[in-house]
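Opening the notebook on a new model today. I'll jot down what I look up as I go.

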Amino acid sequence: MQKCEPTQTPEIDHAALKAKYLAERDKRLRPEGQSQYLVTEGEFEDYYDVDPYTPFVPRAPISEDIEVAVLGGGFAGLIAAARIRQAGVTDCRIIELGGDFGGVWYWNRYPGIQVDTDSYCYLPLLEEVDYMPTEKYASGQECYEHAQRIGRHFGLYENAIFSTKIESLAWDEEIQRWRIGTNRDDDLRARFVVMCQGPFNRPKLPGIPGITEFRGHMFHSARWDYEYTGGDMSGGMDELADKRVAIIGTGATGIGVIPHLARSARHLYVFQRTPSYIDERGNEPTDPEWVKTLKPGWQKERQRNFHTAAFEAFAPGQPDLVCDGWTEVSRNLAAHLDATDGWAALTDPQKFAELRETQDYRAMQRLRDRIDAVIEDKATAEALKPYYRFLCKRPGFSDDYLPTFNRPNVTLVDVSDTKGVERITEKGLIAHGVEHEVDCIIFASGFEITTDLDRRLGIQPFSGRDGLSLYDHWAEGYRTLHGITSHGFPNLLWTGFLQGGVTASTTAMFEQQAFHIAYIIQEALARGASTVEPTAQAQDQWVRTVKETAVDNSNFERECTPGYYNNEGEKKRRSHLGEPYWPGFYALEDLLQAWRDTGELEGLVLGK
Ligand code: NDP
């Protein structure tokens with residue numbers, strides 16, 4: 001592994017850039033916020049339900065009692081089920097919409113898919129299942145295979161239920177179980193339900209007028225139609241050789257797929273509303289000599305180092321183990337503090353924020369300068385420049401993306417002035433009054449990540465004790481104890497971004513939650529309880545703690561161009577981090593450990 005150096009970044013005119021950032025935000029803000037997107041239900045249901053990778057095989061409905069149902073077979077569900085089984089509860093079934101484990105890595109199979117953060121941090125349980133990723137940024141196929149590996153390692157295939165959609169969840173007081181309704185007419189009665197849908201569960205579509213009028217072919221990137229395009233995850237989409245293709249969306253998905261589409265299609269129109277941050281990828285094969293140096297516990301240590309770069313600040317002399325675009329601002333800040341002997345600034349939050357902001361502005365300018373160096377056409381270069389702060393949107397990395405816009409068969413259509421594509425017609429798409437005729441439209445338009453919970457989950461009804469709707473219960477914000485349990489919803493345990501500690505590796509967060517959930521289930525069963533839930537007081541206290549310790553980053557979010565990170569710029573909505581516990585992921589780890597150590601299950605009520 002090479003030594004990790006700070007990047008060279010240019011001087012900037014801070015005030016002028018700030019004004020430009022705000023103008024670019026204002027240009028894109030849409031008053032309708034999340035409702036600009038269509039939910040993939042009703043006439044758009046196929047964009048979610050239909051599985052292009054596994055044929056739908058009819059089966060008889062299942063009627064049975066289950067001890068633990070884990071809803072979702074992505075990394076969150078796999079880790080939760082693994083820990084629950086390790087805690088001795090073997091009657092634990094994963095129920096999954098896809099035809100196999102993998103979650104996002106099952107569904108997202110577009111050409112070019114690759115994990116966009118350090119594999120050694122992101123891919124979970126590496127030491128436990130004795131696997132080392134082949135590259136620093138593993139391919140989607142390798143991530144998918146890792147999910148399968150975890151499934152096999154912990155025996156989770158044995159009783160998994162695949163190709164099954166959860167439609168309803170209702171607590172049945174009489175039998176003290178959750179009744180799980182599915183699209184297979186199953187009647188599953190689970191004592192415990194563990195929610196593991198993951199944030200990228202449900203694709204969303206842009207609500208562009210005329211979307212149902214198009215007579216050509218359309219699909220979402222999370223349900224890639226290889227039958228139409230030909231090729232596979234490595235590209236080679238021969239069937240597109242005579243096709244004019246439009247792609248809507250230039251986020252992380254667009255960045256991965258656009259270079260491949262450009263190589264295969266007769267012509268590619270890229271409809272871009274907000275340009276992404278694009279840095280070099282710099283992928284490299286895993287160095288076996290480096291692997292030999294690793295000591296047990298290395299993955300957790302690396303994840304913690306990544307967390308420091310993303311959420312805190314490096315201490316003097318602390319190495320940047322991940323060393324990529326995600327850690328650049330922290331790395332450069334550390335170098336600046338070294339050079340100016342300015343480490344004392346870290347004790348002053350305001351000074352720290354100012355210094356970090358400067359490094360952020362300079363890093364973003366480096367990326368804009370890079371675009372000028374790569375893109376031949378000046379107007380195209382200007383349109384591709386991101387004018388917002390680092391982490392307003394998810395950073396993107398690709399060595400192929402920018403050069404793609406120098407190709408003669410690629411047209412960048414900037415739709416920022418019109419806040420998106422104006423209209424879809426029978427023949428194509430309209431931008432600035434011009435119709436671009438195409439054979440196929442691909443939506444790389446993202447997922448229901450921070451939209452309202454009922455949109456995201458699509459579970460109706462979702463009712464706890466006395467028919468209390470979860471969506472009503474959480475209408476004014478989440479109400480949980482430790483982000484895991486909620487009063488009125490016995491035996492329901494949550495993973496994901498809600499009132500918990502957030503870290504740079506989502507899968508590390510799932511591990512923390514899974515461990516705690518397994519402990520609660522194990523203890524409840526060992527104590528002969530049939531129900532476990534938090535008291536209203538304990539829940540309210542946690543909600544207060546979360547609010548009182550919150551760091552107000554609303555200014556940062558407000559100044560960003562809209563997107564799912566800031567709820568499309570809507571003011572009164574929750575952060576994409578789900579009202580996090582701001583003292584942090586590792587503070588929560590200590591708090592949960594101390595809570596478990598007492599053995600008191602403080603704040604939880606066990607019912608017989
Ligand atoms: P995003 O939500 O990030 O991007 C959606 C894109 O669609 C944006 O470019 C958006 O523009 C555009 N869009 C939406 N509506 C319109 C419209 N009406 N007209 C024109 N453009 C429109 O979705 P992605 O699938 O790219 O990524 C979602 C997340 O999934 C990522 O942020 C990441 O967390 C994860 N992911 C991770 C990957 C990895 O690890 N490799 C790969 C892919 C995804 P605008 O920005 O203006 O809203």
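My entries follow, starting with the ligand and then moving through helices, loops and single residues.

**Entry 1: the ligand**

Note to self before anything else: this is a predicted model. I started with the ligand's surroundings. 25 residues surround the ligand, and the closest are Gln114, Thr253, Thr274, Lys393 and Tyr564. Then I went through some polar pairs. A backbone N or O atom of alanine 252 sits 3.0 Å from a ligand oxygen. Arginine 394 brings a polar side-chain atom to 3.1 Å from an oxygen of the ligand. For valine 421 I found a polar backbone atom 3.1 Å from a ligand nitrogen. I also looked up the area: the ligand taken alone exposes 900 Å², and the protein buries 91% of that.

**Entry 2: tryptophan 326**

I went on to tryptophan 326, since arginine 394 turns up again among its contacts. I placed tryptophan 326 in the loop between helix 11 (298-311) and helix 12 (328-340). Is tryptophan 326 buried or exposed? Its relative accessibility is 12%, so I noted it as buried. Leaving aside neighbours within four places in sequence, I listed its contacts as Asp116, Thr117, Phe306, Phe390, Leu391, Arg394, Pro395 and Phe397. One polar pair went into the notes: the tryptophan 326 side chain reaches the backbone oxygen of aspartate 116 at 3.0 Å. I also checked alanine 504, which is 178 residues away from tryptophan 326 in sequence but 9.4 Å away in space, C-alpha to C-alpha.

**Entry 3: lysine 136**

Thr117 is in contact with lysine 136 too, so I looked there next. Lysine 136 belongs to the loop between helix 6 (126-129) and helix 7 (140-153). What is its relative accessible area? I read 6%, which means lysine 136 is buried. Apart from neighbours within four places in sequence, what is it in contact with? The list runs Thr117, Asp118, Ser119, Tyr120, Asn283, Glu284, Thr286, Arg302, Val322 and Cys323.

**Entry 4: helix 3 and glutamate 511**

I looked up the length of helix 3 (residues 75-86). Its 12 residues should span 16 Å at 1.5 Å a residue, and its end C-alpha atoms are 16 Å apart, so the two agree. Burial came next: 11 of the 12 residues are buried, so helix 3 is largely enclosed by the rest of the structure. Among the buried ones I wrote down Phe75, Leu78, Ile79, Arg83 and Arg85. After helix 3 comes glycine 88, with a positive phi near 100 degrees.

Ile79 and Arg83 led me to glutamate 511, which is in contact with both, as well as with Pro124, Leu125 and Lys300, neighbours within four places in sequence left aside. Glutamate 511 lies in helix 18 (residues 506-526). It has 10% relative accessibility, so it counts as buried. What is its side chain's polar contact with lysine 300? The two side chains are joined at 3.3 Å.

**Entry 5: helix 19**

I checked helix 19 (residues 536-548) in the same way. It has 13 residues and reaches 18 Å from first C-alpha to last, close to the 18 Å expected at 1.5 Å a residue. Which residues of helix 19 are buried? I noted Ala538, Gln539, Trp542, Val543 and Val546. Why do they share a side of helix 19? Because they cover an arc of only 140 degrees around the axis. On the other side of helix 19, Gln537, Lys547 and Glu548 are exposed. The cover over the buried residues includes helix 17 (470-473) and helix 21 (585-598).

**Entry 6: backbone oddities**

Last, I went through the backbone angles. Aspartate 185 isn't a glycine, but its phi is positive at about 60 degrees. I found aspartate 185 in the loop between strand 5 (177-182) and strand 6 (187-195). Its relative accessible area is 64%, so aspartate 185 is exposed.

Histidine 482, also not a glycine, has a positive phi of about 60 degrees. Histidine 482 is in the loop between helix 17 and strand 19 (492-494). At 7% relative accessibility I noted histidine 482 as buried.

I closed with a cis peptide bond, which joins glutamine 460 and proline 461 with omega at about -5 degrees. Proline 461 is in the loop between helix 16 (453-457) and strand 18 (462-463).

How values were computed:
Residues are numbered from 1 along each chain as its sequence is written. This is a predicted model: local features need pLDDT of at least 70, side-chain atom pairs count only at pLDDT 80 or more; totals for chains, interfaces and linings use all residues. Side-chain values use heavy atoms; hydrogens and water are left out. Helices (H or I, at least four residues) and strands (E, at least two) are DSSP runs, numbered from the N terminus. Buried means under 20% relative accessible area, exposed over 50%, partly exposed in between (1.4 Å probe, protein chains only). Contact means heavy atoms within 4.5 Å. The expected span of a helix is 1.5 Å times one less than its number of residues. The arc is that of the directions from the helix axis to the C-beta atoms. A residue is near a molecule or strand if one of its heavy atoms lies within 4 Å of it. A polar contact is a pair of N or O atoms within 3.5 Å; within protein, one must be able to donate a hydrogen and the other to accept it, and residues adjacent in sequence count only if both atoms are side-chain atoms. Accessible areas come from the Shrake-Rupley method with a 1.4 Å probe; for residues, only the protein chains shown count as cover.
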